[in-house]
Amino acid sequence: MSKVVDIALPLAHIGSVNAWLLRGDPLTLLDTGPRDDAALAALEAGLRREGLRIEDIELVLVTHHHLDHVGLAATIQRRSGTVVAALDRVADYTARYHAEVEHDRRFARALMAHHGVPSDVIADHEGFWTYLRSRSEDVRADVRLADGERIVAGGRTLRAVWRPGHSTTDTLFVDDDARIAFTGDHLLARISSNTEIHATDRAEDGRARSRVRYLDGLRRTARMPLDRLLTGHGAPVTQPARLVDARLRDHRRRCERILAILADGPSTAYGIARHLWPPRTVAEQPLLVVWEVVGHLELLLAAGRVRERVAETGSTFGPIDPGRAVRAA
Ligand SMILES: [Zn+2]
C-alpha cells in the first residue's frame, strides 16, 4: 500500500490545515493549504523531509473550494505543471474564484441583514472578505470529476463522493480497499464543522437547507465501512460512527437551547446568537453565528417546532405550541 504523509501547514485563527501527500503513482497532494508564504514554506519543508520538491507533484486533489484547501493549487500548478483534479462543482467555483467570492460577499451581507445583524457589525465584517480576496486566485482544474467517479492517486483508487454541508462543494475521496477516506472539513475530530449558507443552496420553499442536508450526509458517512477519516484539520477520525452520534447529540442539545430562548418570545437569528455566545464572538463573527443559528432553525422548522415570520425587515422565529401543531396536522 502506498504511503500517506500528513504535512500540517500553518493557518491563521485555526492553527493548521492538513495537506496529504500520497506517495505512489502519480505523486499526489490532496489539499494545498492557503496561498501565503508561511504555508508555502511549510509545504516545501514537508516535501523536503520526504526527499521531494513542489516540482515533483503530479496530481493535486482538493476536498472543497475553501481557501485553506485550494489556496496554493495555482502556485503548484505553475511550478510543477501538475494536473489539478476536482469535483465539477469545485472546479466551477475555483475557475472564477474572485467573482464567486464577490457574489458570496453580497449574498452574505443580505443574509446577515435579513437575520437581524446591525449594519455597523456588517460593515466591520468587511475585513473577512478582504482577506478572502487577497488570499485567493482563480484555479483551472484539468480534470473535472463527477460525483461517484474514480481517480488513481498515489497508487490508490479514490472514489469522489459529493457530500455537501460544511460547504456546497464538499468532496470525500474514498479508498474503499483501505477503508479510509480523505474527508476535508466534513467531520473533524475536535471541533464541530460549520455549514455555510450559499445563495445557490435553497430548498423549493426558498429556505436554506445546508444543515438539514449536512446531518443527512453525516448519517450516510457513519454507515460507510470506513476505519479512518483523514481530515482537513487536526487528527484523523478513528471511529466515524461514534463521532457522528456525538455530533447529532450536540445538535439536539443546541436545538433545545434555542427553543428555551424562544419560549421568552420571538427573536431574530442574531438575537438568538446573542444568548448563545459572548458579545465579542457575535460582534466579530456575525456570519458564522448566523450560519450556526439559522442552521439549527432549519432543523427546528423541518421538525415543525418553530415558525418563521418573514417581513420586509427580516425574519423572526417563534415556537409552535406542540398541542396546536398536533391539532393542525
Ligand atoms: Zn472548509
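Axes here are lines fitted to C-alpha atoms, for helices over the stretch in contact. The model is predicted.

**Exercise 1.** Determine how helix α9 is oriented against helix α12, and which residues make the contact.

*Solution.*
1. Helix α9 spans residues 240-262 and helix α12 spans residues 286-302.
2. Their axes come within 10 Å and cross at roughly 90°.
3. Angles of 65 to 115 degrees count as roughly perpendicular, so α9 is roughly perpendicular to α12.
4. From α9, the contact takes His251, Arg254, Cys255, Ile258, Leu259 and Leu262. From α12 come Glu292, His296, Leu297, Leu299 and Leu300.
5. Sorted by class, the contact has 7 nonpolar, 2 polar and 2 charged residues.

**Exercise 2.** Lay out the open sheet of 5 strands and find its edges.

*Solution.*
1. The strand order is β7-β8-β9-β10-β11, and the pairing is mixed.
2. β7 (150-153) and β11 (228-231) each pair on one side only, making them the edge strands.
3. On average, neighbouring strands are turned by 30° against each other, direction ignored.
4. Inside the sheet, β9 (residues 171-175) and β10 (residues 180-184) run antiparallel, joined by 3 bridges. Val174 stands opposite Ala181 in β10.

**Exercise 3.** Identify the donors of the zinc ion, classify the site, and place the donors along the chain.

*Solution.*
1. His64 (NE2), His66 (ND1), His166 (NE2) and Asp185 (OD) coordinate the zinc ion at 2.2 to 2.4 Å.
2. Angles among the 4 donor atoms run from 89 to 174°, and the site is irregular.
3. The donor spacing is H-x1-H-x99-H-x18-D.
4. His64 sits in the loop between β4 (59-61) and α2 (67-70), and His166 in the loop between β8 (156-162) and β9, so this pair ties together parts 102 residues apart in sequence.

Terms used:
Residues numbered from 1 in each chain as written. Predicted model: local features only at pLDDT ≥ 70, side-chain atom pairs only at ≥ 80, totals over all residues. Heavy atoms only, no water. Axes fitted to C-alpha atoms, helices over the stretch in contact; angles between N-to-C directions. Helix = DSSP H or I, 4+ residues; strand = E, 2+ residues; numbered from the N terminus. Parallel < 35°, antiparallel > 145°, perpendicular 65-115°, else oblique. Contact = heavy atoms within 4.5 Å. Nonpolar A, V, L, I, M, F, W, Y, C, P; charged D, E, K, R; others polar. Pairing = 2+ DSSP bridges. Donors = N, O, S within 2.8 Å, 3.2 Å for Na, K, Ca; no water. Tetrahedral: all angles 85-135°; square planar, octahedral: opposite > 155°, others 65-115°.
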